[in-house]
Amino acid sequence: MPAISDQDMNAYLAEQSRMHMNEFNTMSALSEIYSYVGKYSEEILGALDQDDQAGKQKLAYKLEQVITLMSIDS
């Protein structure tokens, strides 16, 4: 199969986004993000600890709080 150009891919994704604009399910998206964060929490927290901007905003600490709160409810 021939490679698709970035421009063609962007046009395709923009069209798909327009076609399915009203189908977005926020809770499903949040669930997928939480699953991803749970699976890769060590890597994500490590990267946040190493980043100066993330450190200034205390993002690793905040993410740990979210993980803790979400695990209490499940």
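Okay, let's start with one bit of vocabulary: a residue is buried under 20% relative accessible area, exposed over 50%, and partly exposed in between, using a 1.4 Å probe and protein chains only. With that rule, Leu13 comes out as partly exposed, because its relative accessible area is 47%.

Before I go on, a word about what's on the screen. This is a predicted model, where local features need pLDDT of at least 70 and side-chain atom pairs count only at pLDDT 80 or more, while totals for chains, interfaces and linings use all residues. Residues are numbered from 1 along each chain as its sequence is written, and side-chain values use heavy atoms, with hydrogens and water left out.

So, the overall picture. The chain has five helices and zero strands; helices here are DSSP runs of H or I with at least four residues, strands are E runs of at least two, and numbering goes from the N terminus. The radius of gyration is 17 Å, well over the 11 Å that the globule rule gives for 74 residues, so the chain is more spread out than a compact globule. That radius is taken over C-alpha atoms, and the rule is 2.2 Å times the number of residues to the power 0.38. Buried residues make up 8% of the 74.

Now back to Leu13, which sits in helix 1, residues 6-19. Who joins Leu13 in a nonpolar surface patch? Ile4, Met9 and Tyr12 do, and the patch covers about 400 Å². Patches take residues with over 30% relative accessible area and no salt bridge, joining like charges within 9 Å and nonpolar side chains (Val, Leu, Ile, Met, Phe, Trp, Tyr) within 5 Å. The areas come from the Shrake-Rupley method with a 1.4 Å probe, and for residues only the protein chains shown count as cover.

How many salt bridges does a search of the whole structure find? Just one, where a salt bridge means a side-chain nitrogen of Lys or Arg within 4 Å of a carboxyl oxygen of Asp or Glu. The partners are Glu15 and Arg18, at 3.2 Å, N to O. Both lie in helix 1, three residues apart, about one turn of the helix. Glu15 is partly exposed at 35% relative accessibility, and Arg18 is exposed at 51%.

Last stop, Lys58, in the loop between helix 4 (52-56) and helix 5 (59-73). Most residues other than glycine have a negative phi. Lys58 has a positive one, near 55°. Lys58 is also exposed, because its relative accessible area is 55%.
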